[in-house]
Amino acid sequence: MKLFDVYPLFDVNIVKGKGCKVWDDKGQEYLDLYGGHAVISIGHSHPHYIEKVTEQLQKIGFYSNSVINTLQQQVAERLGKISGYEDYQLFLINSGAEANENALKLASFKNPTATRILSCEKSFHGRTSLAVEVTNNPKIVAPLNDNHHVRFLPLNDIEPWVRELSRGGVAAVILECIQGVGGIQMATPKFAQDLAYACKRYGATLICDEIQCGYGRSGKFFAHQWLGIKPDIITVAKGIANGFPMGGVLISPDFQPIYGQLGTTFGGNHLACAAALAVLDVFEQENLVDNAREVGDYLIEKLNNLKNEELKEKGSSHIKEVRGRGLMIGIDLDIPHKDVRQPLIYQEHCFTGCAGQNILRLLPPLCLTKADADLFIEKLNKILKTL
């Protein structure tokens, strides 16, 4: 049997990681500015994480959700406290797409006569049934998923959102406060506040997709906390368990749970919860949310300096704009990102992500240091000077 060939692959076999570095099977070291799609929150192979996951595996790795699992209760209590949502409820699953599926289902259960959803242009919310339908990429929406529930509207332009909400029949509005795949486009506080008000006025559930921009990455625990809003539902995944498959839905107390309404086989299993608790331990012990803000500000400043230096030296700059908050950063280029990304990997041994055709996307572990940031700037500058 062969693998189903849907991933274009770099010719690199990563076999080991530590902190913000990874190594291939030939022993070559790489600086990791991507963290496996924003998944590695506390760094590769953190010793506390290894200890806690190993300790749990030696007890029990899995049992079903038909029995008490006090680890789930601990995750809920700890996550509520660190995020400022102690009055919310937590439903644990396996992935970001699954988190968004369940969030949208809850919104529909709450308002069963409403069958419309509003989502952003350039949004990405996952690849499963409802999640892919609210994702603004026709190439990955199968005909079976295209059920005409969704209207895509521009970010930061409130008028069309209010117009659609006022028509009625909107069960949910789903929003990435910092778009990831969409190119690190950021919602403004005024837009977010006006949208939250309109959702409340017209009875729509506001869902903030914090799968990529949340869990400390923006320099606050959730990116929407920069905007002065409180969504009805928050979805999380990626960094929640530092690579162990896990997702979660934080649910307002306005929603009343009903037995059998939601369910999962693997979600919130013992091993996943041990991983999530280890992540929260490290967040608190190493002040990683503050570090993301401090080092992110430093890196954004260095990138803007590099853009301006390039402009002086060459009369033009391949860096058009730098966007982002904390350690979620987009570098908008005037050339295809592959012209920069590929030599960064193969010549300078540094991983970054991308978005669209022209954007480098940086999503490093939240333990990134200023020295790591300086090293990245040095590597990026070397490549830009050759183009």
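**Reading the sheets and helices of a predicted model**

Me: In the hairpin of E11 and E12, which residue takes a positive phi?
Reply: The hairpin has two residues between its strands; strands here are DSSP runs of E with at least two residues, and helices are runs of H or I with at least four, both numbered from the N terminus. In this hairpin the phi in question is near 55°, and the residue that takes it is Gly326.

Me: What pLDDT do local features need here?
Reply: Residues are numbered from 1 along each chain as its sequence is written, and side-chain values use heavy atoms, with hydrogens and water left out. The model is predicted, so to speak with a filter: totals for chains, interfaces and linings use all residues, side-chain atom pairs count only at pLDDT 80 or more, and local features need pLDDT of at least 70.

Me: Which strands stand at the edges of the sheet E11-E12-E15-E14?
Reply: This is an open sheet of four strands with antiparallel pairing, where two strands pair if DSSP finds at least two bridges between them. An edge strand has a single partner, so one of its sides is left without a neighbour in the sheet. The two edge strands are E11 (319–325) and E14 (353–355).

Me: By what angle are neighbouring strands of this sheet turned against each other on average?
Reply: Axes are lines fitted to C-alpha atoms (for helices over the stretch in contact), and angles between N-to-C directions run from 0 to 180 degrees. With direction ignored, the average for neighbouring strands of this sheet is 25°.

Me: How many bridges join E11 to E12?
Reply: Gly324 stands opposite Ile329 in E12. E11 and E12 run antiparallel, and the number of bridges that join them is six.

Me: Which residue in E15 stands opposite Ile331?
Reply: E12 (residues 328–333) and E15 (residues 359–362) pair in the antiparallel sense over four bridges. Gly330 stands opposite Arg361 in E15. For Ile331, the residue opposite is Leu360.

Me: What angle does the direction of H10 make with that of E15?
Reply: H10 (residues 338–346) packs on the sheet and touches E12, E14 and E15, a contact being heavy atoms within 4.5 Å. Its direction makes an angle with that of E15 of about 45°.

Me: How many of the six residues of E12 are buried?
Reply: Buried means under 20% relative accessible area, exposed over 50% and partly exposed in between (1.4 Å probe, protein chains only). Met328, Gly330 and Asp332 point one way from E12, Ile329, Ile331 and Leu333 point the other way, and all are buried. E12 is therefore largely enclosed by the rest of the structure, with a buried count of six of the six.

Me: Which elements do the buried residues of H10 pack against?
Reply: The buried residues of H10 are Val340, Arg341, Pro343, Leu344 and Ile345. They pack against E3, E12, E13, E14, E15 and H11.

Me: Which residue in E13 stands opposite Asp32?
Reply: E1-E2-E3-E13 is the order of an open sheet with mixed pairing, and E1 (14–18) and E13 (350–351) are its edge strands. E3 (residues 29–32) and E13 run parallel, joined by two bridges. Opposite Asp32 stands Phe351.

Me: At what angle do H6 and H7 pack?
Reply: The axes of H6 (residues 158–166) and H7 (residues 189–202) are 10 Å apart. Angles under 35 degrees count as roughly parallel, over 145 as roughly antiparallel, 65 to 115 as roughly perpendicular and the rest as oblique. H6 and H7 are therefore roughly parallel, packing at an angle of about 5°.

Me: Which residues does Cys199 touch, not counting those up to four places away in sequence?
Reply: Cys199 lies in H7 and is buried, with a relative accessible area of 1%. Its contacts beyond that sequence window, not counting residues up to four places away, are Leu165, Val173, Ala204 and Leu206.

Me: Is Tyr215 buried or exposed?
Reply: Tyr215 sits in the loop between E8 (205–209) and E9 (233–236). Its phi is positive, about 55°, although it is not a glycine. At 3% relative accessibility, Tyr215 counts as buried.
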